[in-house]
Amino acid sequence: LNVGGTAPHLVVGADGLIGGALVAAFRRAGEGVHGTSRRAGPGAAHLDLAAPESAWRLPPAIGAAFLLAGVTDMARCEADPAGTGRINVDATMTLARRAARAGARIVVVSTNLVLAGDRPHARPDAPLAPQNEYARQKAAVERELLGPGFAGHAAVLRITKLAETLAPLLRTWSATLASKRPIAPFSDLVCAPMPLAAAIAALTAIARMSAPGLFHHGGDEDMSYAEIGALLAGRRRAEASLVRPTTSAEAGVRLAARPEHTTLDDAQSRAALGLAPVRSREALDRLLDQLGVAEAG
Ligand SMILES: NC(=O)c1ccc[n+]([C@@H]2O[C@H](COP(=O)([O-])OP(=O)(O)OC[C@H]3O[C@@H](n4cnc5c(N)ncnc54)[C@H](OP(=O)(O)O)[C@@H]3O)[C@@H](O)[C@H]2O)c1
């Protein structure tokens, strides 16, 4: 039985970073939610987007259906556009149409990388200009879901870099600095970190308000990885000289996307969904707290 008389939500990809946190948020709020996973195990129904559609089982009644499963590794998308496109675009859209026919309101999460990145705080009506194969697949889903051909209720939430996804890199840098060895962060790569909790707040608001259309939510500031490295070193009271910024070109790394700007103009979306602005520096500070990196002072 679900609270409020609405059908339970469906989270496809419940063991992913966003999916797991979203299921937990609905449970905490006492709202009904079903999760799916492609792995065997208790707690989530089995759903593999690579399996034939006939094997997918959906609950009989769904409120919002969050389609969060797919290949999120950009290098894999670049290396196998056809194979990853079958999952990220074809299967995702087949599932979207099927869930919509069953009465679900479709919600997907997209990225700032569908836009050109040639100016800060990109507006939702900026033209699509995907930066790599992963983003081309995201843009294709956006176009289909929000286009006139989709017979259903759909919302797309574009977000910036989730701060939590920086944790492995920050841990590595932290260990390197602890052993008095230098780190070489890129000065020509930026991101606008936002906490996972802010993305969850946007998704739960979209579900609660049954809000359709395109939404933006993200960190307010582009930060280079060199700045992020310097911030970490400051926190650790490491020698500033151990931070030796480089560029991706100097390091011989070909990045799949290197937009100049990654921030999104989310003023309208925040007003519509009742969300607070997200400060990138605060998001990073909080992550460093969580990682146990001591404050300098
Ligand atoms: N994290 C970000 O910074 C960010 C930013 C913008 C947009 N997004 C979007 O938000 C959504 C969720 O992202 P996330 O960070 O939570 O991703 P994630 O942690 O990589 O989770 C993706 C989930 O999809 C599952 N999956 C992969 N292939 C599948 C298949 N064939 N069938 C069923 N499930 C499959 C994965 O399962 P396994 O664990 O078994 O592989 C995993 O549970 C994605 O659409 C992503 O593009 C994320």
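**Why these labels?**

Student: Why is Thr176 called buried?

Tutor: Thr176 has a relative accessible area of 13%. Buried means under 20%, exposed over 50%, and partly exposed in between, with a 1.4 Å probe and protein chains only. So 13% puts Thr176 in the buried class.

Student: What kind of model is this?

Tutor: It is a predicted model: local features need pLDDT of at least 70, side-chain atom pairs count only at pLDDT 80 or more, and totals for chains, interfaces and linings use all residues. Residues are numbered from 1 along each chain as its sequence is written, and side-chain values use heavy atoms, without hydrogens and water.

Student: Where does Thr176 lie?

Tutor: Thr176 is in helix 5, residues 167-178. Helices (H or I, at least four residues) and strands (E, at least two) are DSSP runs, numbered from the N terminus.

Student: What does Thr176 touch, not counting residues up to four places away in sequence?

Tutor: With those neighbours left out, Thr176 touches Arg181, Pro182 and Ile183. Contact means heavy atoms within 4.5 Å.

Student: What makes Lys180 exposed?

Tutor: Its relative accessible area is 67%. The cut-off is passed, so Lys180 counts as exposed. Lys180 sits in the loop between helix 5 and strand 7 (190-191).

Student: What stands out about the phi of Lys180?

Tutor: It is positive, about 60 degrees, although Lys180 is not a glycine. Most residues other than glycine have a negative phi. Arg237 also is not a glycine, and its phi is near 55 degrees, a positive value. Arg237 lies in the loop between helix 7 (225-236) and helix 8 (267-273). At 58% relative accessibility, Arg237 counts as exposed.

Student: How do you know that Phe26 and Phe66 form an aromatic pair, and what makes the pair tilted?

Tutor: Rings of Phe, Tyr and Trp (its six-membered ring) pair if their centres lie within 6.5 Å; planes under 30 degrees apart are stacked, over 60 edge-to-face, and the rest tilted. By this rule the count is 1 aromatic pair. Phe26 and Phe66 are 5.7 Å apart, centre to centre, with 45 degrees between the planes. That angle falls in neither end class, so the pair is tilted.

Student: Why does the pair tie together parts that are apart in sequence?

Tutor: Phe26 lies in helix 1 and Phe66 in strand 4 (residues 64-67), so the tied parts are 40 residues apart in sequence. Phe26 is buried at a relative accessible area of 1%. Phe66 is buried too, at 0%.

Student: How do you know that Leu95 is buried?

Tutor: Its relative accessible area is 2%. That meets the cut-off, so Leu95 is buried. Leu95 belongs to helix 3 (residues 81-101). Not counting residues up to four places away in sequence, Leu95 touches Val12, Leu47, Leu49, Trp56, Leu58 and Leu67. Leu95 and Val12 are 83 residues apart in sequence, yet 9.7 Å apart in space, C-alpha to C-alpha.

Student: Why is His216 called buried?

Tutor: At a relative accessible area of 1%, His216 meets the cut-off, so the label fits. His216 is part of strand 8 (residues 213-217).

Student: What does the side chain of His216 reach?

Tutor: It reaches the backbone oxygen of Asp265 at 3.1 Å. A polar contact is a pair of N or O atoms within 3.5 Å; within protein, one must be able to donate a hydrogen and the other to accept it, and residues adjacent in sequence count only if both atoms are side-chain atoms.

Student: Which polar atoms lie close to the ligand's oxygen atoms?

Tutor: A polar side-chain atom of Asp15 is 2.7 Å from a ligand oxygen. A polar backbone atom of Ile18 is 2.8 Å from one. For a side-chain N or O atom of Lys138 the value is 2.6 Å. The protein covers 84% of the 900 Å² of accessible area that the ligand has on its own (Shrake-Rupley method, 1.4 Å probe).

Student: Which elements give two or more residues to the shell around the ligand?

Tutor: They are helix 1 (17-28), strand 5 (105-111) and helix 4 (133-146). Strand 5 gives the largest share, 3 residues.
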